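Reader: I am new to this structure and should be grateful for a close look at a part of it. Would you please begin with where two chains meet and then go on to the folding within a chain?

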Amino acid sequence: MSLPPREKLIFEYSRPGRGARAQWPAVSAPAVPAVPAELRRTQRPLLPEVSELDVVRHYTRLSQLNFSIDTHFYPLGSCTMKYNPKACNAAALLPEFAGRHPLASAASGQGFMACMYELQEMLKAVTGMRAVALSPLAGAHGEFAGVAMIRAYQRARGESERNEIIVPQAAHGTNPATASMCGCIAREVAVGPDGDVDLDGLRAAVGPRTAGIMLTNPSTLGVFERRIEEVARIVHESGGLLYYDGANLNAILGKVRPGDMAFDAIHMNLHKTFSTPHGGGGPGAGAVGVSARLLPFLPLPIVAREADETYRWLTERDLPQSIGRLTTFAGNAGVLLRAYVYMRMLGREGMRRVGEYATLNANYLAARLTQVGFDAAYPQRRASHEFILTLRRQAQEYGVTAMDVAKRLLDLGFHAPTTYFPQLVSECLLIEPTETESKETLDAFVAAMAQILREAREEPERLQRAPHTLPVRRLDDVRAAREPDLIFKSDAA
Amino acid sequence: MSNIPADLKFARSHEWIRQLGDGTAEVGISDHAQHALGDLVFVELPDIGRALSAGEACAVVESVKAASDVFAPVAGTVVAVNDQLRHTPELINRDPYGGGWLLRLRAQPSSADTGLLSAGEYGTLTAEG
Amino acid sequence: MPFIPHTEQDVREMLAVIGAPGIEALFDEIPAALRVPSLAEVPAGLSEFEVMQLMQSRARQDGRPLCFIGAGAYEHHIPAAVWSTVTRGEFYSAYTPYQAEASQGTLQSIYEYQTMLASLTGMEVCNASMYEGATALAEAVLMAVRANRRSKSARILMPRNLHPHYRAVALATTGNQGVRFEELPYERALGHTLPSSLAPFAGQDITALVIAQPNFFGVFEEVDALTDFAHAQGAFVIAVVNPTSLALLKPPGSWGQKGANIAVGEGQPLGCPLSSGGPYFGFMCTRMEHVRQMPGRLVGRTLDLDGRPGFTLTLQAREQHIRRAKATSNICTNQGLLMLAGTLYLALLGPEGLERVAAVSMQRTEQLARALTAIAGVRRVFGRPGFHEIVLALDRPAAPVLAALSERGIEGGLDLGKDYPELGPALLACATETKSAEDIETYARALAEVLRPARAA
């Protein structure tokens, strides 16, 4: 039986000649633009011809098909789905900020630049780094900047043969992908059963071709790299540099600083730790911080404050060894403004609370979930701001997978934790509650998970065929890949 | 328990090779490999005439959850590829040792298949794995 | 404590369950030497009222100058319905749609976006956004190197009249992967790339030719001749296009005999506020035959267990979280919210509205050009038709002129002196449908004043 979709495509509302006329510029005479005939478009593009109400109703109804932080507890590990304060959006969309052209004179942008400068300074302070650049547009973009700076530094020292980047087995996929984009080879080192990097493996992996190591701390396994000082020593002694993937900064915000852990370059995910919106897939911002030796290589532009307290943009003349410009303008400025407002609202005390309460919530949730019968992947370790459950036992005993549990959680009104990562732990759920969730919410999540465990024992098909109550059931992704249907084709086409 | 044809040799990276008796050899991936990958959605095959060294990545098999390189078990020149896989990659899932073959090589006379496992050895390896 | 709901009782109960004496004990695995006592250099927290006061004061300080700058970011009317919808919590605070069943709103809107941009560019498939136009071009270059199997050189022909920042970003992004760029000159009087300037490369191994339409000067290129030459050489064609202009211009998919291979551009004109340079979104479109070499996410339509149509991320095996070191790109987070804004903008404008925006913007720029060139010392530089930007030569250095205009509340354009010294003193100015006849008159009057010969002391 073929069922209709919940919501048609916007194109299916089109009627020829219909349109949101209030949004069109008035034209006094038929505009015959001076486009040379051979360059003129001959067929109109397939764009909806609908009323404004059609558009508002359609996309509002679509929004109602989504889970979001504003509607659901969203414990996606490594994503830091904390509350996005509305004030941040209100400030970023003030007309003077929203309407400012990126190439407008610095004289007419001092207010904006003051915010950017202070954001740079605050990020330096919380990370313990010597300098910060705000232009990378996402975490992966920041990673690229970091590795590119490391390579530039080594090239400047005549060590361009260093082309190996060490990544732990459990590293996020962007790490080795970034290494490739920088012309490097990713070398994996093993992680021990206790979750820490295997130091013997690391000693064997470093050498004259080591450009550096990319590490997340706490690691992607949700635990603190206890021997980080030794790791730093081993890598530095081999002539390599240390890169910090800041995806898990929320765990240690205000408590530990990457700069104190001897990292040479870091990126911060402002859309995680500093609560800018995830937006269904961005925009993010991947500000980078560096130690003194990498400062000359920072990407441009950067805001500087002059002696007379005015602000200006640094250029290639100020940083002749910069790795260059990574984006057309100054970065995701609107996102940076949101992060700035968030940091100003938190202040120094608020930021310490982030690390403390994110860690409290994670440890509480881990304790309660193991009490109701789940297995922690690293039960002997403290949870950081996140932790991993492994469902290996349930998979063997009941035939239910981590994915099945994730899908059933959706029915019970919770967004699932991360399931596809890290690949090192089989049947894993990576759970990150964040500090903005209350004890009652966590308890409700535990109750739902306990129910799921019962169902796994008593009626596993309920999990295997979940979700049951959402706008769609489980989707055939094999079909989606074998017979790609990536754009709507109208019958007229 | 998969039936591993006795006339095949295997690489540790889960490719098999079958000598066709006319100086060419057929290459594919094992039942163990196709099972681990899941439903295959796409196969990228090398150009005919391409010269490969032993262990060189020569094809990609893609499922929903993974895209894995296929490595040439021996050195040789590609003389044929299985065009059917372009439209029906699931042939590899259904018949990994027969209709799901990927390519045929003309092996170098000097290229030995030492280092490759017999069917029995591969069966043991994957039973343990 | 802002945004942290815990009461003291909550904390006590939670610590009891964990079995820890205090919150600090939860950090006991971290070496004591690494623990930070305080963040003294960070200011104390502000209430929402205080921070909004601060931001409003800074915003007032910057004000709203009359803006005639384009150069890659364009001021257009954004319907109120765009951002009122985009900032709905269900869109704003949702994550990347990895759990498809819980994300059909995001996924369906992306599918609609893919459809609209594919059609606008005349291509067969479109991804779910890149960061912005320049990085999209850099990724297109890397994609061409991967996908053009006939070419081994990784040599890319890039016109001098491409946005200088796009050139800089392409260099910075691809520099570590052995890509080499060759610059193509532009015709001095007309402002476009002469097809004959490609002749020196005939018979050579060229991986791709980049064609910007319109180019950085706003001038129209001869896209058919350029495209056919590139294809005859076995090179890919990478089109860099303005999405508003595509309402009027032949799309990249129809360039030459075979159409461009990849089309990229800046999506900002479609519903994204100028916002000091971001967030915007980059679009990337290509032919189905190249789809597996294209970076970024893709949404596909499929069926669920009950046979109901639904949407899901697909062809993910190319992406970083699966392919890792061999991924097509390291891109993960993209610009989803802005892509949604673009989708809403296009749905509200429709084909007629977008055409009008494009046509009226061209008209306004022509009116601006006439008003300004009526002033002594100001003249048009290029004789070829263009979109909604114009290069104007001045009889004196542009920087002080622009500074003087800025003091009068007018951002008059971009000084081209640094990137195009061969033009002499010149600026790039733009007028879109947002500029009225009065606005243009205001600019002309101010410029006339600024350029007036100085009175004898």
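Author: In this predicted model, the contact between chain B and chain A takes four residues from each of the two chains. On the side of chain B that touches chain A, three residues are nonpolar and one is charged, while no polar residue takes part.

Within chain C, an open sheet is built from four strands in the order β11-β12-β15-β14, and their pairing is antiparallel. At its edges lie β11 (378–380) and β14 (414–415) of chain C, each of which pairs on one side only. The partner of β14(C) is strand β15 (residues 426–430) of chain C, and two bridges join this antiparallel pair. Here C:L414 stands opposite C:L428 of β15(C). Helix α10 (residues 336–373) of chain C packs on this sheet, where it touches β11, β12 (389–394) and β15 of chain C. The direction of α10 makes about 10 degrees with that of β12(C).

Another helix of chain C, α8 (residues 223–232), has the buried residues C:V223, C:L226, C:T227, C:F229 and C:A230. Because these residues cover an arc of only 165 degrees around the axis, they are on the same side of α8(C). In an α-helix, residues three or four places apart point the same way, since there are 3.6 residues a turn. The buried residues of α8(C) pack against two strands of chain C, β5 (208–213) and β6 (236–241). Just after α8(C) comes C:G234, with a positive phi of about 75 degrees.

Notes
Residues numbered from 1 in each chain as written. Chains lettered and ligands numbered in written order. Predicted model: local features only at pLDDT ≥ 70, side-chain atom pairs only at ≥ 80, totals over all residues. Buried ≥ 20, exposed ≤ 12 C-beta atoms within 10 Å, placed from the backbone. Arc of directions from axis to C-beta. Contact = placed C-beta atoms within 7 Å. Nonpolar A, V, L, I, M, F, W, Y, C, P; charged D, E, K, R; others polar. Pairing = 2+ DSSP bridges. Axes fitted to C-alpha atoms, helices over the stretch in contact; angles between N-to-C directions.
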